[in-house]
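Biologist: Please take a close look at one part of this model, and describe what surrounds it before moving on to other parts. Give the numbers where there are any.

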Amino acid sequence: MTGHTARTRRFAVLAATAAMTVAATTLSGGTAGATALPVPHDINGDGYGDIVLPAPGATVAGKAYAGAIVVLYGSANGVSAAKRAVITQASPGVPGAAEEGDAFGSSIALADLDKDGFADIVVGSPHEKIGSTLSAGAVVVLWGGKQGPVSGVALPTLLEQQGQAGRDVAAWSGPDGAQVLVVNNNNATRLNGPFKRTDQVAASSYLHDETGYMNAAAYGDLNGDKAADRVLVNGRMGGWSGGPVYVNSSMERPNRLHGGDGLIAAVGDVNGDGYGDVVLGDPDDPHPEEGPIGHLGGAVHVWFGSRTGVAYDKAPMTVHQDTAGVPGGGERDDAFGASVAVADLNKDGAAEIIVGTPGEAIGTKAGAGGVVVIPGRRTGQLGSGSYAFTQGTAGVPGAVEAGDRFGATVSAGDLNKDGRPDLVVGAAQENGQGAVWALPGGTSGLPLYTSSASFGPGSLGLSGGDWLYLGGDHRH
Ligand SMILES: [Ca+2]
Ligand SMILES: [Ca+2]
Ligand SMILES: [Ca+2]
Ligand SMILES: [Ca+2]
């Protein structure tokens with residue numbers, strides 16, 4: 001893809017509208033929030049993990065950028081376009097109405113919120129107009145079930161006046177109950193369960209009040225108590241390459257990670273000690289006026305969990321393309337860390353970090369993009385044994401083209417019930433509209449490139465022009 005700058009602006013105007021009240025300390029750059037691929041969960045209860053794809057720029061009944069999501073149901077053969085559901089705000093049972101620029105599907109999270117055995121889908125539409133407020137944002141839950149999602153409920157977002165509620169969402173279901181985190185422009189709201197299909201969600205709490213530009217949220221278990229720990233990531237701020245990061249923050253206790261810096265987060269047990277670790281993607285190059293913060297080409301930072309959670313005063317372990325064992329080298333605009341997922345691909349007990357580098361040049365093709373997998377390990381510096389793949393890897397469908405942004409989003413989870421996580425990769429600008437790849441995990445942990453499949457808007461029945469963002473992109 002090339003030459004779509006004018007349309008980017010059109011999307012930005014349509015989709016971002018008046019709520020672009022970016023804090024003065026924010027560097028220019030990101031407009032919409034984190035648009036990531038969720039971790040697969042079983043939505044229809046057949047035992048196979050299902051993946052939900054964002055398509056926030058899809059046209060719905062003539063409404064440009066109204067947005068859609070696509071459920072690809074897992075099976076013994078993984079996912080296929082034949083077993084899918086395309087869901088929009090015009091679908092029966094979905095709260096709200098499909099309107100131009102809503103960007104439904106900008107954020108997605110999966111968890112069994114009502115604990116009926118079917119995973120439920122939390123979907124944000126951050127540019128939804130509420131009353132006369134443009135881009136107030138809205139979040140809905142679509143209930144999982146045997147027939148897939150056929151009904152849903154709107155969640156209270158509490159802080160609509162902040163704008164862009166649903167920039168990102170995270171969801172949790174554990175022995176301690178269910179929770180949803182809703183990120184808006186400057187803040188985040190936690191919604192506590194119980195979530196019931198028959199009731200409005202009752203309990204909600206105001207969560208966080210640091211001045212800033214909130215970008216992303218994640219849940220995990222950092223101290224082994226099987227209860228939810230929350231990670232919130234600010235957007236770009238002056239003096240940082242990304243934004244500061246907060247763990248279990250509240251109005252009273254911000255709990256900011258020392259030197260914490262990134263744009264997106266994922267949680268998984270990278271060193272196999274039973275405690276979830278916070279993995280941050282920090283894709284931005286050091287800013288010339290702000291000093292040498294960040295790493296050229298981007299980086300990933302890991303805070304290790306422990307019995308007492310993450311150590312706020314400790315430095316993280318940092319990995320980038322100039323770390324020994326990691327393929328490639330850090331170059332301007334690689335955007336290593338633009339997407340991260342954590343999953344134990346080779347089943348050795350230490351989870352791998354899957355990192356997107358959507359800005360990476362492949363040969364002479366600028367911004368073609370790639371994915372790097374960093375093996376988890378119990379001790380020592382992460383990096384050794386890393387490997388990378390692109391659309392040019394033998395067996396991977398597609399071709400390396402400039403500006404595809406392959407790796408703009410990544411996810412991992414078992415879609416074919418063989419016990420091994422499969423990889424899902426988005427290329428935000430494939431043919432200008434985006435596309436998604438599913439790569440089955442092999443016995444060695446390496447993806448089975450020759451068994452992988454790709455899905456474009458046509459194969460999924462989506463309509464729309466350029467900037468459809470099938471598969472998402474963390475920075476529109
Ligand atoms: Ca399923
Ligand atoms: Ca459920
Ligand atoms: Ca750990
Ligand atoms: Ca592993």
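Modeller: The answer starts at one ion site, follows the chain into a strand, and then turns to other sites, two loop residues and a sheet. The model is predicted.

The part to start from is the calcium ion (ligand 3). Its coordinating atoms are Asp269 (OD), Asn271 (OD1), Asp273 (OD), Tyr275 (O), Asp277 (OD) and Asp277 (OD), at 2.3 to 2.5 Å. Tyr275 is thus listed with its O atom, and Asp277 appears with two OD entries. Along the sequence these donor residues are spaced D-x1-N-x1-D-x1-Y-x1-D.

Why does the arrangement around the calcium ion (ligand 3) count as irregular? The six donor atoms subtend angles of 53 to 165° at the calcium ion (ligand 3), and this makes the arrangement irregular. The octahedral class asks for opposite donors over 155 degrees apart and all other angles between 65 and 115. For reference, the ideal angles for six octahedral donors are 90 or 180 degrees. Within the site, Asp273 counts as partly exposed because its relative accessibility is 35%, whereas Asp277 is buried.

Asp277 also leads into the next element, since strand 16 spans residues 277–282. Six of the six residues of strand 16 are buried. The cover extends to both faces: on one side Asp277, Val279 and Gly281 are buried, and on the other Val278, Leu280 and Asp282 are.

Strand 16 pairs with strand 15 (residues 264–268) through five bridges, in the antiparallel sense. In this pairing Gly281 of strand 16 stands opposite Ile264. Strand 16 also pairs with strand 17 (residues 299–303), again antiparallel, over five bridges. Here Asp282 has Ala299 of strand 17 as its bridge partner.

Next come the other ion sites. For the calcium ion (ligand 1), the protein donors are Asp42 (OD), Asn44 (OD1), Asp46 (OD), Tyr48 (O), Asp50 (OD) and Asp50 (OD), at 2.3 to 2.5 Å. The spacing of these donors along the chain is D-x1-N-x1-D-x1-Y-x1-D. The site is irregular, with angles of 53 to 164° among the six donor atoms. Both Asp42 and Tyr48 are buried.

The calcium ion (ligand 2) is held by Asp112 (OD), Asp114 (OD), Asp116 (OD), Phe118 (O), Asp120 (OD) and Asp120 (OD), at 2.1 to 2.5 Å. Its donors follow the spacing D-x1-D-x1-D-x1-F-x1-D. The angles subtended by its six donor atoms run from 52 to 164°, so the arrangement is irregular. Asp112 counts as buried because its relative accessibility is 16%, and Asp120 counts as buried at 0%.

Two loop residues follow. Thr323 sits in the loop between strand 18 (317–320) and strand 19 (339–343). With a relative accessible area of 11%, Thr323 is buried. A polar atom of the Thr323 side chain lies 2.9 Å from the backbone nitrogen of His320. Beyond its neighbours within four places in sequence, Thr323 contacts Thr318, Gln381 and Leu382.

Ser384 belongs to the loop between strand 21 (370–374) and strand 22 (387–389). A relative accessibility of 38% makes Ser384 partly exposed. Not counting residues up to four places away in sequence, Ser384 touches Ala324, Gly325, Pro375 and Arg377. With Arg377, the Ser384 side chain makes a polar contact of 2.7 Å to the side chain. The C-alpha atom of Ser384 is 6.6 Å from that of Val326, a residue 58 places away along the chain.

The last element is an open sheet of four strands, paired antiparallel in the order 23-24-25-26. Strand 23 (406–413) and strand 26 (453–455) are at its edges; each has a single partner strand, so one side of each has no neighbour in the sheet. On average, neighbouring strands of this sheet are turned by 20° against each other, direction ignored. Strand 24 (residues 422–427) and strand 25 (residues 435–439) run antiparallel and are joined by five bridges. Val425 has Trp437 in strand 25 as its bridge partner.

Conventions: Residues are numbered from 1 along each chain as its sequence is written. Chains are lettered from A and ligands numbered from 1 in the order in which they are written. This is a predicted model: local features need pLDDT of at least 70, side-chain atom pairs count only at pLDDT 80 or more; totals for chains, interfaces and linings use all residues. Side-chain values use heavy atoms; hydrogens and water are left out. Donors are N, O and S atoms within 2.8 Å of the metal (3.2 Å for Na, K and Ca); water is not among the atoms, so sites may look incomplete. Four donors count as tetrahedral if all angles lie between 85 and 135 degrees; four count as square planar and six as octahedral if opposite donors are over 155 degrees apart and all others between 65 and 115; anything else is irregular. Buried means under 20% relative accessible area, exposed over 50%, partly exposed in between (1.4 Å probe, protein chains only). Two strands pair if DSSP finds at least two bridges between them. Axes are lines fitted to C-alpha atoms, for helices over the stretch in contact, and angles run from 0 to 180 degrees between N-to-C directions. A polar contact is a pair of N or O atoms within 3.5 Å; within protein, one must be able to donate a hydrogen and the other to accept it, and residues adjacent in sequence count only if both atoms are side-chain atoms. Contact means heavy atoms within 4.5 Å.
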